[in-house]
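Student: I am new to this structure and would like a close look at a single part of it. Could you walk me through the pocket?

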Amino acid sequence: MADDDLLIEARRLFDLASEVENENRQDALDDLKFARLGEQWPDEVIQARKLEGRPCLTINRLPAFIRQVVNDARQNKPAIKVHPADDSADPETAEIFNGLIRNIEVTSDADVAFDTALESAVTGGFGYFRINTRYSDEDTFDQDLVIERIANPFSVFGDPYSTAADSSDWDNAFIVETMSKDAFERKYKGSEPVDWSADGYVGLGTPWIDDEQVMVCEWWTREEVKKQIVQLSNGEVVDLKVFEANADQFAELGLEVVGEPREVRGHKVIQRCMTGGEILTTIDWPGKYIPIIPVYGDEVNVEGKRFFRSMVRDAKDPQRMFNYWRTASTELVALAPKTPFIGPKGAFVTDFEKWATANTSSHAYIEYDGGTPPQRQPFAGVPAGALQEALNASDDIKAIVGLHDASLGARSNETSGVAIMARQREGDVSTFHFIDNLSRAIRHAGRVLIDLIPKVYSTDRVIRTLGPEEEPETVRIGQEAGEMQNQRGEIIKIYSLNAGKYDLTVQTGPSFTTRRQEAAAQMQELFRAYPPAAEVIGDLFVKAQDWPMADEIAERLKGLFDQRFGGQQQGAPQQPQQPQQSPVDPAQMAKFQLDQQKLQMDASLEQEKLRIDGFNAETQRMKTVHDIQQPTRLPRMPAQQGF
């Protein structure tokens with residue numbers, strides 16, 4: 001297709017995507033400005049109150065709810081786990097995939113990309129991140145995969161015909177970017193800086209496009225292609241064109257085609273960068289997916305139209321009510337008269353200046369004219385009705401969002417730890433769909449990575465992988481698996497990332513650092529209950545700490561353990577050999593039995609204390625319920641005396 005025809009087709013698809021997403025984007029922009037920028041009062045109300053000198057207070061409670069969901073996801077990072085999917089796949093190679101994906105995530109700061117996309121989804125209803133390639137170094141042709149964040153979710157226009165929850169069915173996508181004309185000329189020398197007319201993009205958080213800026217569009221397309229595959233005598237399946245182009249090499253290996261060729265359908269992805277007047281670059285993407293991953297919020301499908309709703313969408317009205325009633329209560333207190341003095345006319349002639357400053361200054365005495373002294377009027381009091389309405393609005397926000405006081409760390413009606421944890425669990429469940437949508441997005445990102453890794457890491461090279469504890473390790477990869485001998489005479493295994501098929505799962509849970517801290521805390525509790533365990537797993541306890549030189553200390557403790565138990569570190573320690581055994585000291589045995597009895601007594605006392613605390617709590621609860629149910633008793637009035 002000619003460039004002019006491609007530009008026309010791109011413009012048509014962009015206009016369609018802009019029209020389909022227009023309502024979602026307008027609502028998302030309003031949510032973003034409302035929740036994060038605090039633009040919560042209508043402009044006409046602000047102007048009217050300013051003219052009257054009245055306040056417009058904004059007490060924004062929504063960011064706390066947003067941070068609760070986003071930070072919960074930061075503490076429980078979804079992790080990609082690769083598994084072999086057929087008999088040609090190797091479990092060791094699957095571990096290479098896992099280590100390489102961990103290295104990609106660490107080197108490209110993937111957690112920033114995930115957190116940004118999730119925060120956009122919680123705040124506005126949708127967010128995005130992308131997978132890209134970049135050269136490993138300035139002086140090499142080797143490329144690495146990276147996971148990049150998309151800071152502005154409004155720069156992405158997805159496929160208007162998509163129905164999948166993870167963009168796996170996207171056939172078209174656009175990413176628009178504004179740059180200065182100087183930057184454009186440096187990057188695309190000889191090209192005309194013609195604006196890409198993005199009508200659906202202007203006004204959605206973009207800077208004003210003037211004569212000094214130009215908008216560039218990145219257009220991704222995925223087309224269905226047909227190809228023929230053949231099966232070789234060793235069971236391997238290759239493209240028929242690849243076999244025909246390398247027929248002599250296959251013949252030298254003794255491989256030939258078995259059976260008839262089979263036609264299969266695949267996908268070809270193309271990336272084009274363009275302005276409004278020309279196509280700047282065209283790149284054949286090696287993968288079969290468009291590498292733009294959406295993270296959606298709350299999805300609602302109404303008559304075939306998809307709506308993506310944020311967590312704060314329905315909480316905006318109670319937030320407005322909260323601002324209004326807090327402003328009203330503040331205004332009533334501020335404008336209330338400061339307990340004025342009332343007296344007959346002419347009573348304030350004497351010491352007029354003192355009477356005028358009676359509410360702001362202290363005077364030893366103030367004289368008045370006339371017989372009746374002036375009287376001070378009582379303070380009207382705090383507007384209880386406005387404050388109660390503000391509390392009602394605050395409760396409405398919590399009920400709509402699904403996060404109550406216990407989830408936010410504030411004191412609430414729950415008194416026991418079990419009740420607090422149950423209320424926190426309710427909050428986690430009510431907002432879990434946002435974190436689950438992030439897991440779906442990361443699962444699709446794993447599919448994209450598994451599809452791209454054999455094609456990007458296809459040359460003979462040494463790559464770095466990271467283990468579960470993020471310990472680095474270098475491995476050699478190549479077209480064919482095998483072994484080689486280095487200059488020192490060591491045998492090095494070569495892994496092939498092209499052989500076999502692999503699948504993945506996504507595990508959501510605390511990071512390794514968090515699990516290590518939890519393990520250290522549990523081991524410490526074990527030592528308190530059973531001190532002899534410190535002699536057995538003391539090195540593991542120290543290794544789980546974040547102290548300086550913790551690993552060296554753990555190695556020394558392990559050495560002491562090996563000396564005492566004959567180096568049997570794995571499993572339960574076995575008894576030393578019979579000649580090394582020493583007779584049991586009766587005094588030590590008696591002391592050990594006393595320690596065990598003391599531990600049992602302490603445990604019994606703790607259980608009894610818990611039982612008493614539970615009984616007292618239940619008694620207090622019954623008393624509270626009884627007091628609430630009792631009717632309010634009015635004070636007894638004195639009997640009226642007859643005449």
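Student: Which helices and strands each supply at least two residues of the lining of the largest pocket?

Tutor: Happy to help! This is a predicted model, where local features need pLDDT of at least 70 and side-chain atom pairs count only at pLDDT 80 or more, while totals for chains, interfaces and linings use all residues. Residues are numbered from 1 along each chain as its sequence is written, and side-chain values use heavy atoms, with hydrogens and water left out.

The elements you ask about are β6 (213-232), β7 (237-239), α8 (247-252), β8 (257-274), β9 (279-285), α13 (432-456) and β19 (502-508). Helices (H or I, at least four residues) and strands (E, at least two) are DSSP runs, numbered from the N terminus. β8 gives the largest share of the lining, 6 residues.

The space in this pocket comes to about 2,200 Å³. Its lining has 48 residues, and the closest to the centre are Lys227, Val237, Lys455, Asn498 and Gly500. On a 1 Å grid over the protein atoms alone, a pocket is an open set of points where a 1.4 Å probe fits, with protein on both sides within 12 Å along at least five of seven lines; lining residues have an atom within 4 Å of a point. Grid points are joined across faces, edges and corners, and the volume is the space filled by probe spheres set on them.

By type, the lining divides into 21 nonpolar, 12 polar and 15 charged residues. Here Ala, Val, Leu, Ile, Met, Phe, Trp, Tyr, Cys and Pro count as nonpolar, Asp, Glu, Lys and Arg as charged, and the others, Gly among them, as polar.
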